[in-house]
Number of protein chains: 8
Amino acid sequence: MRPDELKDLLRATREGRVSLEDAASALGRSPVEDLGFARLDTHRELRQGIPEAIYGAGKTSDEIIEIAHRMLSVTSSPVVATRVDAKSASSIVAAFPDALHHERARMIVFRRAQNELTGRIVVVCAGTSDLPVADEAAVTADALGAVVGRVTDVGVAGIHRVLASEAELREADVVIVVAGMEGALASVVGGVTPAPVIAVPTSIGYGASFEGLAALLTMLNSCAAGVVVTNIDNGYGAACAAVRILNGGMRS
Amino acid sequence: MRPDELKDLLRATREGRVSLEDAASALGRSPVEDLGFARLDTHRELRQGIPEAIYGAGKTSDEIIEIAHRMLSVTSSPVVATRVDAKSASSIVAAFPDALHHERARMIVFRRAQNELTGRIVVVCAGTSDLPVADEAAVTADALGAVVGRVTDVGVAGIHRVLASEAELREADVVIVVAGMEGALASVVGGVTPAPVIAVPTSIGYGASFEGLAALLTMLNSCAAGVVVTNIDNGYGAACAAVRILNGGMRS
Amino acid sequence: MRPDELKDLLRATREGRVSLEDAASALGRSPVEDLGFARLDTHRELRQGIPEAIYGAGKTSDEIIEIAHRMLSVTSSPVVATRVDAKSASSIVAAFPDALHHERARMIVFRRAQNELTGRIVVVCAGTSDLPVADEAAVTADALGAVVGRVTDVGVAGIHRVLASEAELREADVVIVVAGMEGALASVVGGVTPAPVIAVPTSIGYGASFEGLAALLTMLNSCAAGVVVTNIDNGYGAACAAVRILNGGMRS
Amino acid sequence: MRPDELKDLLRATREGRVSLEDAASALGRSPVEDLGFARLDTHRELRQGIPEAIYGAGKTSDEIIEIAHRMLSVTSSPVVATRVDAKSASSIVAAFPDALHHERARMIVFRRAQNELTGRIVVVCAGTSDLPVADEAAVTADALGAVVGRVTDVGVAGIHRVLASEAELREADVVIVVAGMEGALASVVGGVTPAPVIAVPTSIGYGASFEGLAALLTMLNSCAAGVVVTNIDNGYGAACAAVRILNGGMRS
Amino acid sequence: MRPDELKDLLRATREGRVSLEDAASALGRSPVEDLGFARLDTHRELRQGIPEAIYGAGKTSDEIIEIAHRMLSVTSSPVVATRVDAKSASSIVAAFPDALHHERARMIVFRRAQNELTGRIVVVCAGTSDLPVADEAAVTADALGAVVGRVTDVGVAGIHRVLASEAELREADVVIVVAGMEGALASVVGGVTPAPVIAVPTSIGYGASFEGLAALLTMLNSCAAGVVVTNIDNGYGAACAAVRILNGGMRS
Amino acid sequence: MRPDELKDLLRATREGRVSLEDAASALGRSPVEDLGFARLDTHRELRQGIPEAIYGAGKTSDEIIEIAHRMLSVTSSPVVATRVDAKSASSIVAAFPDALHHERARMIVFRRAQNELTGRIVVVCAGTSDLPVADEAAVTADALGAVVGRVTDVGVAGIHRVLASEAELREADVVIVVAGMEGALASVVGGVTPAPVIAVPTSIGYGASFEGLAALLTMLNSCAAGVVVTNIDNGYGAACAAVRILNGGMRS
Amino acid sequence: MRPDELKDLLRATREGRVSLEDAASALGRSPVEDLGFARLDTHRELRQGIPEAIYGAGKTSDEIIEIAHRMLSVTSSPVVATRVDAKSASSIVAAFPDALHHERARMIVFRRAQNELTGRIVVVCAGTSDLPVADEAAVTADALGAVVGRVTDVGVAGIHRVLASEAELREADVVIVVAGMEGALASVVGGVTPAPVIAVPTSIGYGASFEGLAALLTMLNSCAAGVVVTNIDNGYGAACAAVRILNGGMRS
Amino acid sequence: MRPDELKDLLRATREGRVSLEDAASALGRSPVEDLGFARLDTHRELRQGIPEAIYGAGKTSDEIIEIAHRMLSVTSSPVVATRVDAKSASSIVAAFPDALHHERARMIVFRRAQNELTGRIVVVCAGTSDLPVADEAAVTADALGAVVGRVTDVGVAGIHRVLASEAELREADVVIVVAGMEGALASVVGGVTPAPVIAVPTSIGYGASFEGLAALLTMLNSCAAGVVVTNIDNGYGAACAAVRILNGGMRS
């Protein structure tokens, strides 16, 4: 509730147009809709610039279907579900003729943003095994209205592959770097572009990669100034951060 | 070297205006200046949008003085040193009449940016013990040309303190959240602003804070979509990330 | 054995009413019943205020059935089993017509407490994926005789959802906060209620949540004074702690 | 602001006794006082049942003095500072004739609670090296108005020492167990008392104690149902949790 | 080769009874038999007092059968296999009419020691879930010729159960304590017996037990002087250590 | 591009034999071939002395087949795939009549090196459970053209088994030591040979081996000067390091 | 209190030779003497076979002096203090003319055992930097009455140094192996002696030794059957374990 | 003792030229010289190709002086001491007129190798703070007889600095890469040279560098095939590994 709305409500209360009970209730009301097993945060886009997504892990397909129906009906925002396994996905998609299943990204896009954001997000991916996470970032960014470019399989052991992509990188307004194993790609990319660089460590690797810990630590210690990092395998979060940046760029 | 510069050089070579030796040398030359104990990366601002800073930890005051002199003479970029202890700082400042020592931030600003960036960075700080890191972020952002706002001592256990700052947060183009102990502030802030949120865990705490690990993990697992994270105590890096974002916003 | 009982026994021994052998045996006897593969601690409720529960993990359904039968026959306390998988549960429930299987909580309640405890426990849960742990806490507390309230899906990224529940929280005599991922909910709740707050980290999350470690560290480092913590996913233990508190409140 | 206060304010506004501006301001006002370098949370006792304490680590003695003065003048709550080193303590105590310095606990009590809480907190301590943490718990609990009992040097390797204290333990309304090294005392105590047991791991030990990690893990995994845990060395937090419990017991 | 054997060989060489080639070969020969995929260390009992066992994990049943056959034919020592899964066990047992399969211990005893060791090993076990590891210790100790006593389900939360077993403990020449979760039993037992105490942490537990790490750290930090520790779940190693002790006691 | 090639290209450009466009393109071109889902680094052998291998984990058999076909057609280097599971392997081998599947090593060799390297690599393996990793090293080294010797099952607890192999070890130009559990073999071998020793920790073990961490730390802390280490289970990398060494020895 | 003592007491009570009050008191009395800041466990030698030692870390020299005086006066057991820093040691030794200060072991021996134990403990030490811990073990064992042999500086990288000591090792009734860095010595020693082997990891090393963690893990994963382990740097505990073993050997 | 020497000794024994006692003694003798507090391994160069060095940490200057004197007198090998602090160094150097103190490397070279090795070692260093470790590698390699090249301050964030050094890298027979923080340099260097690459992580960094752990994990997970790794800060070990390689190259 904004300050001007507050004054309006108080004025209406003083003038008797709103009862005391209604005023007290309005002041205490939360922008939350209760489904019993979940509460929709329908004002989230207003507050955060990004609508709530459906985190599919640990939810049944029926729960996902119910939440998606509700979100589609009460908002006009994009609606996506992440971390949906293949089996759940087919029953969900059957219930929504317009929904799109991105298999490698493990995502379902129920409704894409209606307007294109200004600015370009480039998702750079170190190895082919990192593609599911890179796809999650790319599909999310696209669903939220961004223009998305892709650069794939440019590990630092073949540094010429990275440098060959320098032009593409320099056209990006935001770069998302997705890398597992030693995760060194973020530093190299951060060193050749002035754009914001969001690093996503992946759990790809074995042994002393400790399921992504090695890549995570590498990226946090990047000697390229201003590289920022998300959770391991969090392509979705990286896309949201990139969209926050584009939203901001739009406003100024 | 940009593509158009490359063509120019080749044309000059073909027309004999540039000798073969000079052309080969120019194509192989690295934008690096060697001081013996350090190599200055004088083109870094060109590539990354942010000039190289002097990382003071483990350097003698004489080394810092020599590097600073050199950087001031070969570039027109802002020049700062970070992690300078109090004792080194006084001999360094003595050598540079115009330099400013920020004691709590452990920084020296030799030269500030000459032009103001468009956009506002707000540095939010959970507790008074986190101020040195928050200051490092604020001083760096200011030196690189940003307008900086501050919100201090708004821990989540007094959630009303955070909400009381909502207006200030909503005016930010980028928010930097600095918090130690459980680091939960980043999630709360990320939930009430659409701006990009850069979370900086600090090493403040004891016992199971494990010198910042607890705050770092909290921030990486933030349930607020799109919060990104830097290394523990890395106020400098957070400011650089914020400046990368403002640079980008400027360009579009 | 209480001091007065000890004196009685000694007096009976002196007066010859109890033989030396019987006295020595009584003084050495342990309140433990041996089933061969397990020893029932039948005096536990006397000592700890909470009867022994059957920890189902790693036990066959036959073992659970035998222990439950024995406990029902030698005590009048509530009898529950935790961490019972779905398959075991159905054969167990078949053997006890009065037993209740709580599927999501993975619990079986063989006998509920006969008297209601005074005081109200509220179980607050951050996300829908944390519900199995929250249910374990709620079912246990109910079986031990407590009145239980529930608040669900109030993650800190939507801080307004938490604040909307403030009235419910303020009616609690004990609050149990169940949260995975970054676990920040405990600090926020601890900041808005004067009741004891028991925080239960869950293993929900991925990557740098390290199976609940992130939430555990967050809760241990809570800046809300007086928040206490249980093991990861230990809804049962949180309910027992809450019942210890209500027991105590009763006594004073 | 409680619901009845809200209705009062709205009624006063409707009746013109309070201006629109004042009402809007009252509804938006945060119970926070800004000292520049710190914000006092003067309503914290109202919300949490426990007033804000001054965390001394990383604060100058002047800062502590200023905050203490302010807190003494704006509230009638108890005022304490924790983690104050010996040198700071003497200059602080010099400024407050009524303040009491508890050296081993590293605490200063500026003002004790004016009323005694009903109920008894017993602080049990495994070894003499754990005494600073046990003292922090005991001094805090006393300052907040509790009656405090002490049991000291009862490590589990001499289990008879623990059992010899059983009577004292059984008189407690809340037991705080302070132990380093292997921290097993919490389980044993939890097994012989029905009272709430709050376990505080300490950083006492060497090698594989990993500065308290071993004791922390032991306590989190306690097989005594309902033992809850605080951060390593957090005697202050344990006392606050105990006071929350006594507060609650009072109310019912 | 013992010093006296060496002199004998040299004398025989000098006297021509042994050729130079044979002497050089004897001095260089290793007491190892090569099966291609494994080398049997047939002199191990001589050197270590304990014959080599067959570590079943990662071996096919055919490999185990071949090694067992070979060991039975070239030595008269006891022969056992550990960590044999149920499926492999049945085909192995089919091939050796005299072999005994201990299911819960996951062991096969092909041949037991022919002579009884003097002295008694008591295996104490905290909970029923720890029984597989306790069984591995007991079956191994028995196979190597020891008299084995058992005390089961005596967790520290019911300290009276432990004390009730004090007589049994005091009869032991070596005590093996097997415990998961918080592993505190080792300290309590170490405090009531003068016998050597070998602590075996188990991987039983969940959450912050980190698959036995909590119990391991507890036991390493035991405040009972002289408690020693094996790897997590290493019942076999504990039995070997106990047998080394009984062997030694025999010799003095 | 070598300096002499650069001069040739510039001369050709000056003389008009090469167009400006072609020269710019040649100077910018990357030796990378794009398959859509993967980019082949066809110049890698030139740069690193070792051709790119196909990392099978997380790739479908179809992807492996396509990459292998492409690599066989554009290079004359050896071509191998690692970490190929048994099921994928059979469909892959069906597509390449000349390919060899090494089951225990989980590798497919599509084409072996055409020339033998000078020098001998000896792969020493501590236990039979470590054989899959030792095989990966041996098969890779052989495919890259090395002569490979094997020493198997020589754990340090039977130190005579190691010493019995001293002659074989002393004939090696490079020794690869593969060991899990405590990984001590690397130090012992490093102490008896002057050859380069490459230590490969394996994930074999249980409990406090923490999936190879124990062996990794042991090897990194080896007191034998000059032992170097690879990632856990990285037999492939060890072989590559050994081949780099033989390549170098060849050159001098 | 032993069973026969119990019967005696009961008989005396029945016959009126002991009053009811005295009997109740005797049965409830704990063998603990309270110094205010510490409780002496004067019956510990009776229960554990080893008297309580004074753990010097974190105690003032005055506290150590008072405890030592008390222990010397109430028992006839050996009395030692461990982890006493050099400065405390000189004031302590000044107060006890008969006390011996072992500087490198950081121990003070106030009174040695009056009778020699049968059996020989050999303390083997990997490097000269490990000597303080080896000394702590040797001095403790000697003070408790054992005959102690020493083997020093026999790291596994010079395996011949270990083998050269085989005779000495084979004369030991218990071997204590003290090693830092990679800690592999325990496995090698465990492989060449049938005696019980107690491994003590030390914090000697740097980098990935992680203050003794590497050596600890190595020793826990030892492939030599029956090697047992103490806490890092716990020479005292190893000696106590060895004395427990010799005590036992004595009894049989 | 080589096989031919063994036969000679046996022949001399048979022919009576050597007494039985002398022969037995010769066969049992270890190539170790005992200084009381240390045992010199005078045959180490023979066995390992590298003479024993004096590890200075934890040794007094007198001990270092005595060991150095002894080593200079009994061998003709190079003699160096590592990790010597500045204060010890000056008294040591005073005792050896020919010794050279390398301050930043914390090393003393008492005697350099008399013959130059064939082949060139290049030490590449990421940042100026990593120089002490790089110096340790370079000084050691030089003392052991190698030709050493240096490349300094070539962090990956300025990838052009690395590429500018490609020529120097390609001339190396072995490359040692020294890097802290994220340690990504090893992968980039490993990707542009066919020489063996030995990666040395340093403890330079802060926060999530965890004292070198981040760089260590990065290097272990390097996607450049055949990069091998040493302990954190182990410049000495890297040089020894490089010399083992050059030794080998020499032999073939």
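Among the contacts in chain A that join residues at least 6 apart in sequence, 66% link residues at least 24 apart. The model in which these contacts are found is a predicted one, and chain A within it has 11 helices together with 11 strands. Of the 252 residues in this chain, 64% count as buried, while the accessible surface of chain A amounts to about 8700 Å², with 50% of that area belonging to carbon and sulfur atoms.

One helix of chain A shows this burial in detail. Helix α10 of chain A, which spans residues 213–220, has seven of its eight residues buried, and it is therefore largely enclosed by the rest of the structure. The residues concerned are A:Ala214, A:Ala215, A:Leu216, A:Leu217, A:Thr218, A:Met219 and A:Leu220. A helix of chain E can be described in a similar way: in helix α9 of chain E, residues 185–192, eight of the eight residues are buried, so this helix too is largely enclosed by the rest of the structure. Its buried residues run through E:Leu185, E:Ala186, E:Ser187 and E:Val188, and then E:Val189, E:Gly190, E:Gly191 and E:Val192.

From single helices we can turn to pairs. Two packed helices are described by the angle between their axes and by the distance between those axes. Between chains D and E, the two α10 helices, each covering residues 213–220, pack at an angle of about 125° with their axes 8 Å apart. Because angles of 115 to 145 degrees fall outside the parallel, perpendicular and antiparallel ranges, α10(D) and α10(E) are oblique to each other. Their crossing is left-handed, and the contact is formed by D:Leu213, D:Ala214, D:Leu217 and D:Thr218 on the one helix and by E:Leu213, E:Ala214, E:Leu217 and E:Thr218 on the other. Sorted by class, the residues of this contact are six nonpolar and two polar, with no charged residue among them.

A second pair lies within chain C, where the axes of helix α4 (residues 61–74) and helix α5 (residues 86–95) come within 9 Å and cross at roughly 35°. The crossing of α4(C) and α5(C) is right-handed. On the α4(C) side the contact involves C:Ser61, C:Ile64, C:Ile65 and C:His69, which meet C:Ser88, C:Ser91, C:Ile92 and C:Ala95 of α5(C). The residues of this contact divide into four nonpolar and four polar, and none is charged.

Terms used:
Residues are numbered from 1 along each chain as its sequence is written. Chains are lettered from A and ligands numbered from 1 in the order in which they are written. This is a predicted model: local features need pLDDT of at least 70, side-chain atom pairs count only at pLDDT 80 or more; totals for chains, interfaces and linings use all residues. Side-chain values use heavy atoms; hydrogens and water are left out. Axes are lines fitted to C-alpha atoms, for helices over the stretch in contact, and angles run from 0 to 180 degrees between N-to-C directions. Helices (H or I, at least four residues) and strands (E, at least two) are DSSP runs, numbered from the N terminus. Angles under 35 degrees count as roughly parallel, over 145 as roughly antiparallel, 65 to 115 as roughly perpendicular and the rest as oblique. A crossing is left-handed if the near helix is turned anticlockwise from the far one by less than a right angle, and right-handed if clockwise. Contact means heavy atoms within 4.5 Å. Ala, Val, Leu, Ile, Met, Phe, Trp, Tyr, Cys and Pro count as nonpolar, Asp, Glu, Lys and Arg as charged, and the others, Gly among them, as polar. Buried means under 20% relative accessible area, exposed over 50%, partly exposed in between (1.4 Å probe, protein chains only). Accessible areas come from the Shrake-Rupley method with a 1.4 Å probe; for residues, only the protein chains shown count as cover.
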